[in-house]
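I sat down with this model to see what is covered, what sticks to what, and where the backbone does something odd. My entries follow in the order I looked things up.

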Amino acid sequence: LDMVMYPLNYLRPDAATRLLPLVKEHGLGFVAMKALARGEVLTDPGFRTYADSASLTPAAASFRWTLQHAEVSVALGAVNAVEEIEENVRGSA
């Protein structure tokens, strides 16, 4: 086993506390699936506050939140247009 692929996002953070410590302990990579929580973060009022405080759109902030965990190797989220990719990258920088 070289890596683990599992959902991790602001609305479903359980992997951050339960799985990421094991990933680190065993020296594995971690692919965070569903960084956008199927779009639910885009309308969540609590998350909008987080995004506003970071001066980011909710989509960009979702990637920022997911990638703030040092054990995350890559964060995945579905996109439908080049503009969405560009927006997500803003949160990854």
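Before I label anything, a cut-off: buried means under 20% relative accessible area, exposed means over 50%, and partly exposed is whatever falls in between. One more reminder to myself: this is a predicted model.

**Entry 1: backbone oddities**

I started with S55, using that cut-off. S55 has a relative accessible area of 68%, so I put it down as exposed. S55 is found in the loop between α3 and α4. Its phi is near 55°, a positive value in a residue other than glycine. I flagged that because most residues other than glycine have a negative phi.

A37 got the same flag: its phi is near 50°, also positive and also not in a glycine. A37 lies in the loop between β2 and α3. Is A37 buried or exposed? At 2% relative accessibility, I count A37 as buried.

**Entry 2: the core**

Next I looked at the largest nonpolar core, which has 23 residues. Which members touch the most others? I noted L8, L20, F30, A32 and V72. The elements that each supply at least two residues of this core are α1 (14-18), α2 (20-26), β2 (29-33), α3 (45-53) and α4. The largest share is from α4, with five residues.

I then picked V72 and listed its contacts, leaving out residues up to four places away in sequence. V72 touches L8, L20, F30, A32, T66 and L67. L8, L20, F30 and A32 were already on my list of core members with the most contacts.

**Entry 3: helix α4**

Since α4 gives the core its largest share, I checked how covered this helix is. Eight of the 10 residues of α4 are buried, so I wrote "mostly covered". The buried ones are P58, A59, A60, A61, S62, F63, W65 and T66. What covers them? The cover includes β2, α3, β3 and α5.

I took a closer look at α3 against α4. The two helices pack at an angle of about 85°, with their axes 9 Å apart. Angles of 65 to 115 degrees count as roughly perpendicular, and α3 and α4 are therefore roughly perpendicular to each other. On the α3 side I found F47, R48, Y50 and A51, and these meet P58, A61, S62, R64 and W65 in α4.

**Entry 4: helix α5**

Which residues of α5 (residues 82-92) are buried? I get E87, N88 and G91. Seen down the axis of α5, these buried residues fall within an arc of 95°, so they line one face of the helix. That fits the textbook point that an α-helix has 3.6 residues a turn, so residues three or four places apart point the same way. What covers the buried residues of α5 includes α4 (58-67).

I also looked up E84, which is in helix α5. E84 has a relative accessible area of 31%, so I call it partly exposed. E84 and A59 are 25 residues apart along the chain, and their C-alpha atoms are separated by 8.3 Å.

**Entry 5: salt bridges**

How many salt bridges are there? The count comes to one. R12 pairs with E40, and their closest N and O atoms are 3.1 Å apart. R12 lies in the loop between β1 (3-7) and α1, and E40 in the loop between β2 and α3, so the pair ties together parts that are 28 residues apart in sequence. I checked the accessibility of both partners. R12 is partly exposed at 39%, and E40 is partly exposed at 36%.

**Entry 6: two glycines**

G27 sits in the loop between α2 and β2. At 64% relative accessibility, G27 counts as exposed. I took its C-alpha distance to E87: 31 Å, with their positions 60 residues apart in sequence.

G77 is found in the loop between β3 (74-75) and α5. G77 is partly exposed, with a relative accessible area of 29%. From G77 to L19 the C-alpha distance is 19 Å, and the two are 58 residues apart in sequence.

Technical notes. Residues are numbered from 1 along each chain as its sequence is written. This is a predicted model: local features need pLDDT of at least 70, side-chain atom pairs count only at pLDDT 80 or more; totals for chains, interfaces and linings use all residues. Side-chain values use heavy atoms; hydrogens and water are left out. Buried means under 20% relative accessible area, exposed over 50%, partly exposed in between (1.4 Å probe, protein chains only). Helices (H or I, at least four residues) and strands (E, at least two) are DSSP runs, numbered from the N terminus. The arc is that of the directions from the helix axis to the C-beta atoms. Contact means heavy atoms within 4.5 Å. A nonpolar core is a set of buried Ala, Val, Leu, Ile, Met, Phe, Trp, Tyr and Cys residues joined through side-chain atoms within 4.5 Å. A salt bridge is a side-chain nitrogen of Lys or Arg within 4 Å of a carboxyl oxygen of Asp or Glu. Axes are lines fitted to C-alpha atoms, for helices over the stretch in contact, and angles run from 0 to 180 degrees between N-to-C directions. Angles under 35 degrees count as roughly parallel, over 145 as roughly antiparallel, 65 to 115 as roughly perpendicular and the rest as oblique.
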